[in-house]
Amino acid sequence: MRRVTLGCAARLVFAALWLLVEECRAETGAPSLAERVIWAVNAGGDAHTDVHGIHYKKDPLEGKLGKASDYGVRLPILRSSPEDQILYQTERYNEDTFGYEIPIREEGDYILVLKYAEVYFAQSQQKVFDVRLNGHVVVKDLDIFDRVGHSTAHDEIVPFSIKRGKLSVHGEVSTFNGKLAVEFVKGYYDNPKICALYVMKGKLEDVPKLQPHPGLEKREEEEEEEDEGEGGESEKKSTSTSPKNLVRSGPRTPNPYATDNSSLMFPILVAFGVFIPTLFCLCRL
């Protein structure tokens, strides 16, 4: 009975806190996530509204540039909610560099979110490409399979800002003319592509996170442990070898051949030179 009462009390407290948060948000007038999204497209697919209320428009490049593919609809996509898997199952690709132009009229801090899933290739180094933002390379050598594996959702998140007619991204600055050009650059391995993308106002912490992937997290933890292990071993080696290099066992031993004894040998040689002829003459007498 006590456990039931405690459970009901906990649910009531949680509900009260949730109502309080919603009321504070309504009073402050803070925009929701969907309201902060200024542009969103489901590349290669139809319009879709995700679980966060973000409305993705139908691909405006349909019939104009590149090719749409729904090859991934036969596959379940890991790390994505069932309602939003369609955002990763359809895609647009092109045999050359292609992209989208996004109008931005207000200054401020923005986030570009690029959604990907590798649904065709089953190994790395099969599809590798760059992503440019108004000429700035913001994603270099993107290999989706190498990042997360097959049929697994992966988001590339690019923060940027627009202030006083200037675009700032990844420490680089350029003139901004009101249009954001997102380009997927043809590389040496297959064709560039995009599954879905959107631009929102805000900071990195405002972007919804994908569902955890146990296998991916384990690999990342192992890589971190390996890095820490290598760092620890190098530190041990440096600490063990550095005393040997710095600490000496005592004063240097004098070089026994450093002194020149040639002056002492000269009288001896002269004596031998005089003694041997004298002895020879005495023997003949």
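How many nonpolar, polar and charged residues does the lining of the second largest pocket have? Here are my notes on that and a few other spots; keep in mind as you read that this is a predicted model.

1. **The second largest pocket.** To take the opening question straight away: five nonpolar, two polar and five charged residues make up its lining. The space inside comes to about 200 Å³. If you want to find it on screen, look for Ser69, Tyr71, Glu91 and Tyr93, which are among the lining residues. Further along the chain, the lining also includes the run Glu118, Val119, Tyr120 and Phe121, and later on Asp190, Asn191 and Lys193. Keep Tyr71 and Asp190 in mind, as both come back below.

2. **The largest pocket.** This one holds about 240 Å³ of space. Its lining consists of 18 residues, and those nearest the centre are His52, Asp84, Lys115, Lys209 and Leu210. Sorted by class, the lining has eight nonpolar, four polar and six charged residues.

3. **The chain as a whole.** Now step back for a moment. The protein chain has 285 residues, and 33% of them are buried. Its secondary structure comes to six helices and 15 strands. What share of the contacts between residues at least 6 apart in sequence joins residues at least 24 apart? The figure is 72%. A few examples of how residues meet across the sequence follow.

4. **Aromatic pairs.** The count of aromatic pairs is eight. Take Tyr110 and Phe160: their ring centres are 5.6 Å apart and their planes meet at 15 degrees, and because planes under 30 degrees apart count as stacked, this pair is stacked. Tyr110 belongs to strand β7 (residues 108-116) and Phe160 to strand β10 (residues 154-163), so the pair ties together parts that are 50 residues apart in sequence. Are these two rings' residues buried or exposed? Tyr110 has 2% relative accessibility, so it counts as buried. Phe160 has 3%, so it counts as buried too.

5. **A ring cluster, and a charge over a ring.** Ring pairs also link Trp39, Phe98, Tyr100 and Phe184 into a cluster. A ring can have a charge as its partner as well: the charged end of Arg74 sits over the ring of Tyr71, 4.1 Å from the ring's centre. Tyr71 is also one of the residues lining the second largest pocket.

6. **The loop between β4 and α3.** It's worth spending some time here. Gly72 is in this loop, and at 0% relative accessibility it counts as buried. Setting aside neighbours within four places in sequence, Gly72 is in contact with Gln89 and Val119. Its C-alpha is 8.4 Å from that of Glu91, a residue 19 places away in sequence. Both Val119 and Glu91 are named among the residues lining the second largest pocket.

7. **Same loop, Pro76 and Arg79.** Pro76 lies in the loop between β4 (67-69) and α3 (86-89). Why is Pro76 called exposed? Its relative accessible area is 57%, and the label applies because the cut-off for exposed is over 50%. Pro76 touches Gln85 and Ser151, leaving out residues up to four places away in sequence. Tyr88 is 12 residues from Pro76 in sequence, with 9.6 Å between their C-alpha atoms. Arg79 is also in the loop between β4 and α3, and it has a positive phi of about 75 degrees although it is not a glycine.

8. **Asp190.** Here's another non-glycine with a positive phi, this time of about 60 degrees. Asp190 is in the loop between β13 (179-189) and β14 (193-194). Its relative accessible area is 30%, so it counts as partly exposed. Asp190 is one of the residues that line the second largest pocket.

9. **Thr175.** Last stop: Thr175 is in strand β12 (residues 172-175). Its relative accessibility is 59%, so Thr175 counts as exposed. Not counting residues up to four places away in sequence, Thr175 touches Gly165 and Lys166. The C-alpha atom of Ile162, 13 residues away along the chain, is 9.4 Å from that of Thr175.

Technical notes. Residues numbered from 1 in each chain as written. Predicted model: local features only at pLDDT ≥ 70, side-chain atom pairs only at ≥ 80, totals over all residues. Heavy atoms only, no water. 1 Å grid on protein atoms, 1.4 Å probe; cavity = no way out; pocket = protein on both sides within 12 Å on 5 of 7 lines; lining within 4 Å. Points joined across faces, edges and corners; volume = space filled by probe spheres on them. Nonpolar A, V, L, I, M, F, W, Y, C, P; charged D, E, K, R; others polar. Phe/Tyr/Trp six-rings, centres within 6.5 Å; stacked < 30°, edge-to-face > 60°. Helix = DSSP H or I, 4+ residues; strand = E, 2+ residues; numbered from the N terminus. Buried < 20%, exposed > 50% of the residue type's maximum accessible area, 1.4 Å probe, protein only. Lys NZ or Arg CZ within 6 Å of the ring centre and 35° of its normal. Contact = heavy atoms within 4.5 Å.
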